[in-house]
Amino acid sequence: MAERAALEELVKLQGERVRGLKQQKASAELIEEEVAKLLKLKAQLGPDESKQKFVLKTPKGTRDYSPRQMAVREKVFDVIIRCFKRHGAEVIDTPVFELKVNDRRILDGMFAICGVSDSKFRTICSSVDKLDKVSWEEVKNEMVGEKGLAPEVADRIGDYVQQHGGVSLVEQLLQDPKLSQSKQALEGLGDLKLLFEYLTLFGIDDKISFDLSLARGLDYYTGVIYEAVLLQTPAQAGEEPLGVGSVAAGGRYDGLVGMFDPKGRKVPCVGLSIGVERIFSIVEQRLE
């Protein structure tokens, strides 16, 4: 433990040195040399096993399934098929879940008013998307130490992306003096407010969380983005609900189809992918 603590301190100090050199606009050769030292220290440090989260091991490749496993798979597929056929909500025997939503236009507007250059939008977006797996400090260190973002810009981003809630958060951000200056962000917030109005009418707004850290790294998303996360109930875990990971995700992409159209016409699209194998693993674990 003492050796690991010493390595962590060295990583911290080396990270501060790299950030300092970048702020001083030191030569590229010197910065590259110090970054290489930082990466070497991180490699020596390795993962902290005491902080590792519960990871489901999903079978890979082709394999034979037992009768019980086949029954699980048939049930999951049946639930998905019936849900899509009905085009509406129905009570099904599935684990407790939460649906996170955000909007790519809100993210882009937020990055712009925080001072992120256009060329860094996507790389910073990929860092923010890690917030469901690592702490904000780790994400900030990556943005500043490895991607060259100014610390004050990272702090401004942190003020936003650590927020999550419901329609009240949407209304709060609509009144935000800085974010309200972005036309993109206002369009995204307006659409999310309308979405929450529909969710309230359907009586499912309590299952939806507006999460500003949800980024979805793919470039082709143009509007709302979402991710379904399974939760362990307190009765199962003996404590507060514990997230066990994303099982479905998607969003709106109005420009993707047009990329393959000779005339470049925009075709509004919304897509969803489901991690069926992950659901199989979760249900099987509950049967044990």
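**Entry 1: Phe-121**

I began with Phe-121 in this predicted model, and I noted that Phe-121 is buried, since its relative accessible area is 10% and the cut-off for buried is under 20%. I found Phe-121 in helix α5, which covers residues 121–128. Next I asked which residues Phe-121 touches once those up to four places away in sequence are not counted. I wrote down Asp-108, Phe-111, Ala-112 and Val-116. For Phe-111 I also looked up the spacing, and the two residues are 10 apart in sequence while their C-alpha atoms are 6.9 Å apart in space.

**Entry 2: helices α4 and α9**

I turned then to helix α4 (residues 104–114), where Asp-108 appears again, this time in a contact with helix α9. I recorded that the axes of α4 and α9 (residues 183–202) come within 7 Å and cross at roughly 145°, and that this crossing is left-handed. On the α4 side I listed Arg-105, Ile-106, Asp-108 and Gly-109, and on the α9 side Gln-184, Ala-185, Glu-187, Gly-188, Leu-189, Asp-191 and Leu-192. Sorted by class, the contact of α4 with α9 has 4 nonpolar, 3 polar and 4 charged residues.

**Entry 3: helices α1 and α6**

I looked up a second helix pair, keeping in mind that two packed helices are described by the angle between their axes and the distance between the axes. For helix α1 (residues 2–23) and helix α6 (residues 136–146) I noted an angle of about 45° and axes 9 Å apart, and α1 and α6 are therefore oblique to each other. The crossing of α1 and α6 is left-handed. In this contact I found Val-18, Arg-19 and Lys-22 from α1, together with Asn-141, Val-144, Gly-145 and Glu-146 from α6. By class, I wrote down 2 nonpolar, 2 polar and 3 charged residues for the contact of α1 with α6.

**Entry 4: Met-143**

I stayed with helix α6 to look up Met-143, which lies in it. Is Met-143 buried or exposed? I put Met-143 down as buried, because its relative accessibility is 0%. Leaving aside neighbours within four places in sequence, I found Met-143 in contact with Ile-124, Ser-127, Val-128, Trp-136, Gly-148, Leu-149 and Ala-154. I also checked Met-143 against Lys-120, and these two are 23 residues apart in sequence and 9.9 Å apart from C-alpha to C-alpha.

**Entry 5: the tyrosines**

I closed with the aromatic rings, for which the count comes to 4 pairs. In one pair, Tyr-220 and Tyr-221, the ring centres are 5.0 Å apart and the planes stand at 50°, so I entered the pair as tilted. Tyr-220 is partly exposed at a relative accessible area of 31%, whereas Tyr-221 counts as buried at 5%. I then took up Tyr-220 and Tyr-253, whose ring centres are 5.4 Å apart and whose planes are at 70°, so this pair is edge-to-face. What does the pair of Tyr-220 and Tyr-253 tie together? I found Tyr-220 in the loop between β3 (208–211) and β4 (224–232) and Tyr-253 in the loop between β5 (242–252) and β6 (270–274), so the pair ties together parts that are 33 residues apart in sequence. Tyr-253 is buried, with a relative accessible area of 18%, which falls under the 20% cut-off. My last note is that Tyr-220, Tyr-221 and Tyr-253 form one aromatic cluster.

How values were computed. Residues are numbered from 1 along each chain as its sequence is written. This is a predicted model: local features need pLDDT of at least 70, side-chain atom pairs count only at pLDDT 80 or more; totals for chains, interfaces and linings use all residues. Side-chain values use heavy atoms; hydrogens and water are left out. Axes are lines fitted to C-alpha atoms, for helices over the stretch in contact, and angles run from 0 to 180 degrees between N-to-C directions. Helices (H or I, at least four residues) and strands (E, at least two) are DSSP runs, numbered from the N terminus. Angles under 35 degrees count as roughly parallel, over 145 as roughly antiparallel, 65 to 115 as roughly perpendicular and the rest as oblique. A crossing is left-handed if the near helix is turned anticlockwise from the far one by less than a right angle, and right-handed if clockwise. Contact means heavy atoms within 4.5 Å. Ala, Val, Leu, Ile, Met, Phe, Trp, Tyr, Cys and Pro count as nonpolar, Asp, Glu, Lys and Arg as charged, and the others, Gly among them, as polar. Buried means under 20% relative accessible area, exposed over 50%, partly exposed in between (1.4 Å probe, protein chains only). Rings of Phe, Tyr and Trp (its six-membered ring) pair if their centres lie within 6.5 Å; planes under 30 degrees apart count as stacked, over 60 as edge-to-face and the rest as tilted.
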